Amino acid sequence: MKPLLKNIIKKTIGVILIIIGLVAFITPLTPGSWLALIGLQMLGFGFLLENRIVRAIRKKFENPKKKPQ
């Protein structure tokens, strides 16, 4: 499968999962709101969040004796 087509299909499925997850979150008795998280991960938002968390942890636990140059 061509990379462009694969990327379009992946983004489309991600958006559909987000919509289904939000609808499941709003409607009662529908266990499926976790689909929104999977959709966000498919769109790549999980990587953005992971990078922010890693940077925050590194910044918090930096060696205080190390002087900036």
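Start by selecting K10, which sits in helix α1, residues 3–26. Helices here are DSSP runs of H or I with at least four residues, strands are runs of E with at least two, and both are numbered from the N terminus. You are looking at a predicted model, in which local features need pLDDT of at least 70 and side-chain atom pairs count only at pLDDT 80 or more, while totals for chains, interfaces and linings use all residues. Residues are numbered from 1 along each chain as its sequence is written, and side-chain values use heavy atoms, with hydrogens and water left out.

Stay on K10 for a moment. K10 counts as partly exposed because its relative accessible area is 42%; buried means under 20%, exposed over 50%, and partly exposed in between, with a 1.4 Å probe and protein chains only. Now add G39 to the selection: the two C-alpha atoms are 9.3 Å apart, although these positions lie 29 residues apart along the chain count.

Next, zoom out to the whole chain. The protein chain has three helices and zero strands, in the order α-α-α along the sequence. Of its 69 residues, 16% are buried.

Colour by pLDDT, the predictor's confidence in each residue, from 0 to 100. The chain average is 79, and 83% of the residues score at least 70. Among the elements, α1 has the highest mean, 86, and helix α3 (residues 45–60) the lowest, 78. Where pLDDT is low, the predicted coordinates should not be read in detail.

Then select helix α2, residues 34–43, and highlight L35, A36 and G39, its buried residues. They lie on the same side of α2, because they cover an arc of only 105° around the axis; the arc is that of the directions from the helix axis to the C-beta atoms. Show α1 as well: the buried residues of α2 pack against α1, where contact means heavy atoms within 4.5 Å. Step on to G44, just after α2, to find a positive phi of about 100°.

Finish with L49 in helix α3. L49 counts as exposed because its relative accessibility is 52%. Add I53, I57 and F61, and you have a nonpolar surface patch with about 430 Å² of accessible area together. Such patches take residues with over 30% relative accessible area and no salt bridge, joining nonpolar side chains (Val, Leu, Ile, Met, Phe, Trp, Tyr) within 5 Å and like charges within 9 Å. A salt bridge is a side-chain nitrogen of Lys or Arg within 4 Å of a carboxyl oxygen of Asp or Glu. Accessible areas come from the Shrake-Rupley method with a 1.4 Å probe; for residues, only the protein chains shown count as cover.
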